[in-house]
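I opened this notebook to look up how some helices pack and what empty space is left inside. The entries follow in the order I made them.

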Amino acid sequence: MNGPMDAPLARALVDGPEEARKAWKACKTWPRDPYAPLFYAMLLRDGFDDRGKPGEGQEEAVRLVDEVLKKRPGSQAALFMRALLDEVAPVIPPETVETARRAVAANPQSSSAHHLLGHFLFRTGDYRGASAAFKKSEDLCVNWEKSEKVPRALNDAYFRSAIYRAVSEFCAGRYKEADRIASAVASVPLDKEYPLAPGTLLQIWEARNLPVRLMLANPDLPRQEYVLKASPAPLPKGFPDLSNGMMAMLTQYMGAKYSLQQGAVSAVSARFDKLSGIIRLLMDGAATARQQMSLSYWVRCLQLGNAYAMEIRAMMFPESANIWLSNAIRDQRFASLLLPPVLPYPEEWILARAYLKAGKSKESLEMCEQGLKRFPNHAGVLETMKKARAAAK
């Protein structure tokens with residue numbers, strides 16, 4: 001052990017966060033180590049309840065970091081962590097965005113600071129600003145990669161920012177630009193020397209299928225041959241194969257959407273059955289996901305599959321779409337710092353469009369208003385809202 005923080009770190013690894021909190025409390029005021037209270041605050045945070053009220057640990061964490069900022073107002077670490085405390089808050093206050101900007105100003109060469117700013121701009125609905133911040137993060141990641149001679153497979157921060165940038169452009173309604181960015185990041189060759197590297201895992205689970213996900217989310221569904229052309233080739237041997245489940249889900253969802261477009265309702269039902277089977281198989285994959293160092297991506301994959309299943313149910317039974325999509329709405333989460341939402345739209349948007357098609361403009365407007373709480377200024381939702389208002393006149 002070399003310092004006061006070594007014991008809490010060891011406790012966190014061995015005994016878990018609860019015991020680590022107790023150990024960190026003893027050293028959080030260590031005068032020569034400004035990072036101790038920051039780490040203690042991160043262990044204290046307990047998020048927000050369903051009404052958006054912060055928990056007791058959350059409030060205490062904010063108080064501790066604010067104390068550090070009073071003493072060190074230019075500390076990038078404290079600014080970063082203060083903003084991070086609001087990562088998944090139901091509403092992001094302007095002060096949090098400003099704190100993220102200050103973190104960038106404290107170290108403009110930090111790709112993580114620019115990514116942090118991009119996340120909060122995304123959460124507040126400034127998708128163009130978010131895209132610019134993520135682009136700056138990407139550029140810094142590439143510069144680091146070149147200067148350190150690091151392979152792209154080890155540069156997971158690049159993939160995170162590029163993926164987030166594509167989704168930001170989609171939410172801004174710039175669908176062609178979103179497709180261009182997604183296609184570029186999907187085309188990065190897989191590095192056979194690093195099949196389990198952080199960047200590689202992001203490639204196989206998220207980046208390679210991103211163009212397909214965005215195309216299928218587009219309100220103006222492109223022709224199927226374009227989507228098929230954008231679909232990734234089968235994974236080469238030696239790469240974590242559980243990630244094939246993501247593309248398998250997308251294939252069934254794709255089939256359902258195009259079958260519905262052609263009026264083949266029985267084919268939609270068949271796609272639902274196949275998707276359900278894929279979900280059941282994947283649910284047994286927790287041990288494999290841990291072995292392949294992909295647990296968080298496996299969870300996102302299941303979230304996507306469940307959302308798609310509810311959407312296909314709504315396709316099959318449009319008269320009860322509100323029931324199926326209510327489940328999808330309830331299960332949808334806010335964007336996290338590391339990755340954008342697994343779906344680039346609020347599920348309320350799907351229901352709002354279904355209501356509008358059924359001539360229920362009032363209900364469509366209500367759904368749009370609800371969806372904008374999670375995706376402020378989402379271009380697709382705003383366009384549907386405009387159409388619903390016109391129909392209501």
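Entry one, α18 and α19. I looked up the crossing of this pair and found that α18 passes α19 in a left-handed crossing. The model I am reading is predicted. Helix α18 spans residues 321-331 and helix α19 spans residues 347-357. Their axes come within 8 Å and cross at roughly 165°. Angles over 145 degrees count as roughly antiparallel, so α18 is roughly antiparallel to α19.

I then listed the residues in contact. From α18 I noted Ala321, Asn322, Leu325, Ala328 and Ile329. On the α19 side they meet Glu347, Glu348, Ile350, Leu351 and Tyr355. By class, I have seven nonpolar, one polar and two charged residues in the contact of α18 with α19.

Entry two, α8 and α9. Helix α8 covers residues 127-148, and helix α9 covers residues 156-171. I read an angle of about 160° for their packing, with the axes 8 Å apart. That angle makes α8 roughly antiparallel to α9. For handedness I wrote down that α8 passes α9 in a left-handed crossing.

The contact list for α8 includes Tyr127, Phe134, Lys135, Glu138 and Cys141. On α9, the residues met include Tyr158, Tyr164, Arg165, Glu169 and Cys171. The contact of α8 with α9 divides into ten nonpolar, four polar and five charged residues.

Entry three, α20 and α21. Here I looked up helix α20, residues 361-374, against helix α21, residues 379-392. They pack at an angle of about 155°, and their axes are 9 Å apart. I therefore entered α20 as roughly antiparallel to α21. The crossing of α20 and α21 is left-handed.

The α20 side of the contact is made by Ser361, Ser364, Leu365, Cys368, Glu369 and Leu372. From α21 I copied down Val381, Leu382, Thr384, Met385, Ala388, Arg389, Ala391 and Ala392. I sorted the residues of the contact of α20 with α21 into nine nonpolar, three polar and two charged.

Entry four, empty space. How many cavities of 30 Å³ or more does the structure hold? I found one. The space in the largest cavity is about 40 Å³.

Which residues line the largest cavity? I noted Phe122, Arg123, Arg333, Phe334, Ala335, Pro341, Arg374 and Phe375. Sorted by class, the lining of the largest cavity has five nonpolar, no polar and three charged residues. One of the lining residues, Arg374, also falls within the range of helix α20, residues 361-374.

Technical notes. Residues numbered from 1 in each chain as written. Predicted model: local features only at pLDDT ≥ 70, side-chain atom pairs only at ≥ 80, totals over all residues. Heavy atoms only, no water. 1 Å grid on protein atoms, 1.4 Å probe; cavity = no way out; pocket = protein on both sides within 12 Å on 5 of 7 lines; lining within 4 Å. Points joined across faces, edges and corners; volume = space filled by probe spheres on them. Nonpolar A, V, L, I, M, F, W, Y, C, P; charged D, E, K, R; others polar. Axes fitted to C-alpha atoms, helices over the stretch in contact; angles between N-to-C directions. Helix = DSSP H or I, 4+ residues; strand = E, 2+ residues; numbered from the N terminus. Parallel < 35°, antiparallel > 145°, perpendicular 65-115°, else oblique. Left-handed = near helix turned anticlockwise from the far one by under 90°. Contact = heavy atoms within 4.5 Å.
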